Each structure stands twice: as C-alpha cells, then as structure tokens.
Amino acid sequence: MAQTVSVKNIGLRGVTVADTKISFIDGNQGILIYRGYRIEELAERSTFPETAFLLLHGYLPSTEELKVFAGKIVEEAVVEDYVYDCLKKLPKESNPMDVLQAGVPLLAMSDPDLYDESRSANVRMATRLIARLPVVVAAWHRIRNGLEPLPYDKALTHAGNFLWLLTGQKPDEQTAKDLDCCLVLHADHTFNASTFACRGVCSTRAHMYSAVSAGVGALSGSLHGGANTKVMEMLLKIENEPDIEGWIKNQIESGQKIMGLGHAVYKTMDPRAKFLRPMATRLAKARNMEKWDNLSKLVEKTSVEEFNRRGKTEIMPNVDFYSAPVYFMMGIPKDLFTPIFAISRIAGWCSHIIEEKFGEAQEKPMLYRPQAEYVGNYCGLMGCEYSPLPER
Ligand SMILES: CC(C)(COP(=O)(O)OP(=O)(O)OC[C@H]1O[C@@H](n2cnc3c(N)ncnc32)[C@H](O)[C@@H]1OP(=O)(O)O)[C@@H](O)C(=O)NCCC(=O)NCCS
C-alpha cells in the first residue's frame, strides 16, 4: 500500500531557511540590494572588484583597500600548468559549464589554504576563485579551438581581461565597461538555487571549492543560469521565422516556456533586466546589429501581452533575457553566456559560503537537514517481505 501525502511548499517557495546580511530582494517592487546598496546605484557607479569586495566584506572599500584587493585579483589570476594539461585532454565538444565544474576541484588541488578553516583563509580562497574562474573559462575556449591560453594582462580591468583572454584582442573601453557592469548585476541574488547549493554543501564543513563546484552545477540548469544560452538559441531559431508573434503564442499555448521570462521571486520587471535592456539597444546601434534588439523587444512585447491576456501579469523579462543579446552583440559565443554568469556569481557564492561557515548572520553554523514526506511503497513499520530473486 503506498502512502499518499501531499507535499507542502513545493520548491521551497516562500520558505525562509536562514538569515543573511548579504543581499535582499523585494520581488513585488523589483528591488535588489547588496549589503544595503541598490543594484542600480552599484551598476552605475561601482566596478566588479569593488562590488565583490562589498559582498565579501560587508562594506565599500577605501581607495587603499580596493587597490590591494584588485591587486590581489591580478596576482592570483594564474593557473597552474597541470590545470591546462587536464583541460587539453578533455573532449573538445565538452560544454564549458561542465568543464568549469570539473575545473573548480582542479584549482582546489593546489590551493595552500584548502583545509584551513579560518575566515582569512576562506577570504583568500574566495579571491583566488574570483581571479581564476575567468582564466579557466577563457582557457577552455581557446583550447577547444586549438589555441594556447593567454596570460592575464595587468593593464586591463578584470572584465577587460576576460575578453582579452578569450579572443587575444584588447577590448575597447566601452565593451570592457559594459561587461564589468554585467558582472556587477549578476554578482549576487539571495537564496537562488546555486547559492543554496553552495550553502548546503559547505554547511557539512566541506571546503569552499566543493561548495562552488555544486554551485556551478546548479547554475548550469536552463531554469537558472542556463537560461541566457537558451534565450539566444531561441532568438537564433526564430530570427527568420515569418510569423514570430504566432510562434510565441503557440509556444505559450502549448505549455512551453519562453526562456528569459518569469521569475520565482520577482512579480514585476527584474531590476537587472531594466538595466540590460537599454544596454542592448545602445550596443545594437553602435554595432549595427539592431536586428537582435528589435527581435528581443518583439519577443518581450508579444509574450507579455499574451501572458497578460491569460491573467499571468507577473511574467516579465528576467536578467537572462537581455544579457543574452548583450553578450551575443559583444561577439561572445552563446555557450559561454552561463560561464560569464558564474565568473560574476562566484563573488556572491563565496560570500554566502563564508557567511554560512562562520555563522555570520545567525547564532551558529548549522548543518542543513530538511525533511521529506515519504509517499513511496509502504508495508508498515516492519517493512515489506523480501522475496528471493528466483521467486520474483
Ligand atoms: C524562472 C521560473 C522557473 C520561475 O517560475 P515559478 O515562479 O517557479 O513558476 P512556474 O515555473 O511554476 O510557472 C508558473 C506558471 O507560469 C508559467 N510560466 C512561468 N514562466 C514562464 C515562461 N517563461 N514561459 C511560459 N510560461 C511560463 C508556467 O508554465 C506556469 O503555468 P501554469 O500555472 O499554467 O502551469 C519560470 O518563470 C521559468 O521557467 N522561466 C523560464 C526560464 C528562465 O528564464 N529562467 C531564468 C530565471 S532567472
């Protein structure tokens, strides 16, 4: 006899699992705050290294502190040869998110602080991860194309370096600035699936790299960070579609998702998307690529109208909807969109791991151990009778 018990709180929606001092979302008003600062303010005035410092340490750095932190990132943006040797042995068609997830434990193996459970050691590991994730992503892209990885260029910004490491060409200032802004926008987002994965893993006292590796895996899914790649695949699929509106309506009618729309927390426009939309328009004009901007806007308009017609007024563009055309217009291959999300979110993941490990927002660190309702096969507390193999 099977038990039938309904599960409450499917997907943990609305369930508070911890206190945090790192970020805050008001999903109804479309507000995102890192350590007290509105995302709009940071996107306009901060830089990714400064935002990463803010997330890690809880306050905006002084000029000297920022200089030291940014200098540390430059110093640590070096990957040991064995990492490149391992990447060179991987199948060339491997997905960059799988490679990144495999790359994180590779980086762990030469980190001298790996099993030092002090806060300062965890901050040093966080700085190395922030510095090295872009190096691994870019190196993989070059290796899969038969090219040698490049060394970090001290004269460029962190975002500029990613573009340089990827292409071997120095990016123009505006493109590097735009990418830096994208990194600021993606750096944290409270208890999303990948951050929760990181916090769950490190609550067992596993080291930071194990937790980050879990975060990369969670981020790769198409309902989470993987959505930006899926948005671009959709735009490329429908670019020559004679009836784009009809295609969208049919997609919604048949219960298919329009990628980049909707959010588990925002019931209005995602504040990050509000920032990326004008960036896409500006890039499209500057690069003569208006087609992609127009297409994105058409998909947004048609989908939102169709959702409104169905009474689902809360389904609006999220961060992935406009980051996809932005990266595409920057010339970045679409399967690197989610790794870019990761090279930004690493700042948030590490901050959450430190907060979790050191109980910085609650009384003491606690192992996550939720419960589930058992609704499977059940023959009473004595258990079902085991029948030998030949008798089954
Ligand atoms: C992000 C997401 C999983 C959050 O959804 P959620 O709040 O958990 O809600 P659900 O997925 O259960 O969706 C609720 C309803 O809205 C619909 N819906 C939500 N987002 C939709 C979308 N992008 N396209 C079509 N329908 C959507 C669902 O089909 C569901 O309809 P139903 O009630 O008739 O079954 C969802 O909006 C989604 O899958 N979006 C596309 C993927 C994406 O962009 N992910 C990145 C998030 S930053």
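**Core, domains and sheet of a predicted model**

Me: Which residues does Ile130 touch, not counting residues up to four places away in sequence?
Reply: The model is a predicted one. Contact here requires C-beta atoms within 7 Å. With residues up to four places away in sequence left out, Ile130 touches Ala52, Ile73, Ile346 and Ala347.

Me: Which element gives the largest share of the largest nonpolar core?
Reply: The largest nonpolar core has 103 residues. Those with the most contacts inside it include Ile130, Leu185, Ile346 and Cys350. The largest share of this core amounts to 12 residues, and it comes from helix 6 (residues 119-144).

Me: Where does this core lie with respect to domain 1 and domain 2?
Reply: The domain assignment gives domain 1 as 23-221 + 339-357 and domain 2 as 227-329. Both domains give residues to the core, so its place is between domain 1 and domain 2.

Me: How many residues of domain 2 are in contact with domain 1?
Reply: The C-alpha centres of domain 1 and domain 2 are 26 Å apart. On the side of domain 1, 16 residues take part in the contact, and on the side of domain 2 the number is 17.

Me: Which element gives the largest share of the side of domain 1 that touches domain 2?
Reply: Two or more residues come from each of strand 2 (31-34), helix 1 (39-45), helix 8 (173-186) and helix 16 (337-357). By class, this side of domain 1 has nine nonpolar, five polar and two charged residues. The largest share is four residues, and the element that gives it is helix 8.

Me: How many residues of the shell around the ligand are charged?
Reply: The ligand is surrounded by 16 residues, and the closest are Ala227, Lys257, Leu261, Gly262 and Asn318. Nine residues of the shell are nonpolar and four are polar, while the number of charged residues is three.

Me: Which strands stand at the edges of the open sheet?
Reply: The open sheet has three strands in the order 1-2-3, paired antiparallel. A strand at the edge has a single partner strand, so one side of it is left without a neighbour in the sheet; this applies to strand 1 (23-26) and strand 3 (37-38).

Me: How many bridges join strand 1 to strand 2?
Reply: Strand 1 and strand 2 form a hairpin with four residues between them, and Gly30 in the turn has a positive phi of about 70 degrees. Across this pair, Phe24 has Ile33 as its bridge partner, and Ile25 stands opposite Leu32. Strand 1 and strand 2 run antiparallel, and the number of bridges that join them is four.

Me: Which residue in the turn between strand 2 and strand 3 has a positive phi?
Reply: Two bridges join strand 2 to strand 3, which run antiparallel. Ile33 stands opposite Arg38, and Tyr34 stands opposite Tyr37. The two strands form a hairpin with two residues between them, and the positive phi, about 50 degrees, belongs to Arg35.

Me: Along strand 2, which residues point to the face where side chains are buried?
Reply: In strand 1 the side chains alternate: Ser23 and Ile25 are buried on one face, whereas Phe24 and Asp26, on the other, are not. Strand 2 also has alternating side chains, with Ile31 and Ile33 pointing to the face that is not buried. The buried residues of strand 2 are Leu32 and Tyr34.

Me: How many of the 10 residues of helix 7 are buried?
Reply: What covers the buried residues of helix 7 (158-167) includes helix 2, helix 3, helix 6, helix 8 and helix 16. Among the buried residues are His158, Asn161, Phe162 and Trp164. Just after the helix, Gly168 takes a positive phi of about 80 degrees. Helix 7 is mostly covered, and its number of buried residues is nine.

Me: Which residue just after helix 2 takes a positive phi?
Reply: Helix 2 is mostly covered, with eight of its 10 residues buried. Phe48, Pro49, Ala52 and Phe53 are among these. The residue just after helix 2, with a positive phi of about 90 degrees, is Gly58.

Me: Is Pro112 buried or exposed?
Reply: Pro112 is found in the loop between helix 5 (96-108) and helix 6. Its C-alpha is 8.9 Å from that of Met125, with the two residues 13 apart in sequence. Exposure requires 12 or fewer other C-beta atoms within 10 Å. Pro112 has 10 such atoms, so Pro112 is exposed.

Definitions and conventions:
Residues numbered from 1 in each chain as written. Near = placed C-beta within 6 Å. Nonpolar A, V, L, I, M, F, W, Y, C, P; charged D, E, K, R; others polar. Domains from an automatic or database assignment. Contact = placed C-beta atoms within 7 Å. Core = buried A, V, L, I, M, F, W, Y, C linked by C-beta atoms within 7 Å. Buried ≥ 20, exposed ≤ 12 C-beta atoms within 10 Å, placed from the backbone. Pairing = 2+ DSSP bridges.
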